[in-house]
Amino acid sequence: MLLPVLVLYCAVVIYPLVDMLYLSFFSWNGISRVPKKFIGFDNYVRFMDDRNTLTAFKNIGILALVGIFATLPVSFFLATVINKKFRGLRLVKTMYFLPVVINRMAICLMFTFLLLPGAGPIPVLLERLGLVSKLNLLGNIKTAMWTIAFINMWGNAGFQMIIFSSSMAGIPDDFYEAATIDGANSRQKLLYVTLPALKPTICTVIIFILTGTFKVFDFIMGLTGGGPGYATEVPNTLLYKQAFTYGQFGYANAIAVIMVAFSLIITIIVNAIFKDRDAARFGRRGI
């Protein structure tokens, strides 16, 4: 009974991955009639020597920093809000989750208008308040990537919010009742009941955030196209341009293999960190 699922999985997951790895060792322009030229690890060496590679990974680091230190706490806070019963709860849930379901290109158009230098509501408001002058967040090398990172946070926080909310709903009420009997206040319940119970969920969300940074593409192409200059390039935009602008499909596949490898490494590291912490905690208790 598992055979049909296994065949489908191999066809849509395993085969593309193997084919991607195979093509990464060739120089090929993507045209089936053109023969592939085997070049070994030259594509990987070329990627490491590319002057834009360092910029791309630095931008990945910015996305990861904003994800961990902004998206994670924001989504957790939103989850604590929607887990309380109050009038208009459904409306609040819908508003918080709305950015997740809106088309990404529509979000790009919206923020392009909001941040339009000299005409957008945000620059005009800040200039009239005398806080800044000639604000151009997406056109400034120093601010463009940070702006995209916070727009990415705005677009993704609702998804992590739902994950946290679902996990919070699964925490038994007995835990909170026992904490209340022991005299715990709301802050102590959060620190000593909610957060420990959500450790597996926090691990999962961190993995989603970190691996998701390697998949950011639409916001960058829709907002800056990798500019100004190469300031907002990430591995995905480099991959896209090498494949569909320059016809370097072998090189693009090598970039894709490196991205998959980094995602797997990050997943293993995060799982190992949380596993070691849990093992140490249980070890101290003699369990």
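Lysine 215 is exposed, with a relative accessible area of 62%. That is over the 50% cut-off for exposed. Where does lysine 215 lie? In the loop between α10 and α11, the latter covering 218-223. Keep in mind that this is a predicted model. For a sense of distance, take phenylalanine 76. Its C-alpha atom and that of lysine 215 are separated by 22 Å. Along the chain, the two residues are 139 apart.

Lysine 215 also turns up in another list. Asparagine 236 touches it, along with Phe214, Val216, Phe217 and Met259. That list leaves out residues up to four places away in sequence. Is asparagine 236 buried or exposed? Buried, with a relative accessible area of 15%. The cut-off for buried is under 20%.

Asparagine 236 belongs to helix α12, residues 235-244. That helix is mostly covered, with eight of its ten residues buried. Here are the names: Pro235, Asn236, Thr237, Leu238, Leu239, Lys241, Gln242 and Ala243. Note the lysine in there, Lys241, on the buried list. Lysine 215, by contrast, is exposed.

Now go back to the helix before the lysine 215 loop. Helix α10 runs over residues 199-213. How many of its 15 residues are buried? Eleven, so α10 is largely enclosed by the rest of the structure. The buried set is Thr201, Ile202, Cys203, Val205, Ile206, Ile207, Ile209, Leu210, Thr211, Gly212 and Thr213. A quick geometry check on α10. At 1.5 Å a residue, the helix should span 21 Å. The end C-alpha atoms are 21 Å apart, which agrees.

Next, a second asparagine. Asparagine 253 sits in helix α13, residues 249-284. It is buried as well, with a relative accessible area of 14%. Which residues does asparagine 253 touch, once residues up to four places away in sequence are set aside? Met20, Leu23 and Ser24.

On to helix packing. I have two pairs, and α7 is in both. Helix α7 spans residues 144-169.

Pair one is α4 with α7. Helix α4 covers residues 89-101. The two axes come within 6 Å and cross at roughly 125°. The helices are therefore oblique to each other. The parallel-to-antiparallel scheme puts anything over 145 degrees in the roughly antiparallel class, and 65 to 115 in the roughly perpendicular one. In handedness, α4 passes α7 in a left-handed crossing. Who makes the contact? From α4, Lys93, Tyr96, Phe97, Pro99 and Val100. From α7, Trp154, Gly155, Gly158, Phe159, Met161 and Ile162. By class, that contact has eight nonpolar residues, two polar and one charged.

Pair two is α5 with α7. Helix α5 covers residues 104-114. Here the axes come within 12 Å and cross at roughly 135°. That makes α5 oblique to α7. What is the handedness of the crossing of α5 and α7? Right-handed. On the α5 side we have Arg104, Ile107, Met110 and Phe111. They meet Ile151, Asn152, Trp154, Gly155 and Asn156 in α7. The split is five nonpolar, three polar and one charged. Trp154 and Gly155 of α7 appear in the contact with α4 and in the contact with α5.

Two backbone points to check on screen. One is the peptide bond from glycine 227 to proline 228. It is cis, with omega near -5°. Proline 228 is in the loop between α11 and α12. The other is lysine 134. Its phi is positive, about 55°, although lysine 134 is not a glycine. Where is lysine 134 found? In the loop between α6, 121-128, and α7. Lysine 134 is exposed, with a relative accessible area of 78%.

Finally, the whole chain. Its secondary structure comes to 13 helices and two strands. Along the principal axes, the C-alpha trace spans about 75 × 60 × 40 Å. Buried residues make up 37% of the 287 in the chain. Now take contacts with a separation of 6 or more. Residues 24 or more positions apart account for 66% of them.

Terms used: Residues are numbered from 1 along each chain as its sequence is written. This is a predicted model: local features need pLDDT of at least 70, side-chain atom pairs count only at pLDDT 80 or more; totals for chains, interfaces and linings use all residues. Side-chain values use heavy atoms; hydrogens and water are left out. Axes are lines fitted to C-alpha atoms, for helices over the stretch in contact, and angles run from 0 to 180 degrees between N-to-C directions. Helices (H or I, at least four residues) and strands (E, at least two) are DSSP runs, numbered from the N terminus. Angles under 35 degrees count as roughly parallel, over 145 as roughly antiparallel, 65 to 115 as roughly perpendicular and the rest as oblique. A crossing is left-handed if the near helix is turned anticlockwise from the far one by less than a right angle, and right-handed if clockwise. Contact means heavy atoms within 4.5 Å. Ala, Val, Leu, Ile, Met, Phe, Trp, Tyr, Cys and Pro count as nonpolar, Asp, Glu, Lys and Arg as charged, and the others, Gly among them, as polar. The expected span of a helix is 1.5 Å times one less than its number of residues. Buried means under 20% relative accessible area, exposed over 50%, partly exposed in between (1.4 Å probe, protein chains only).
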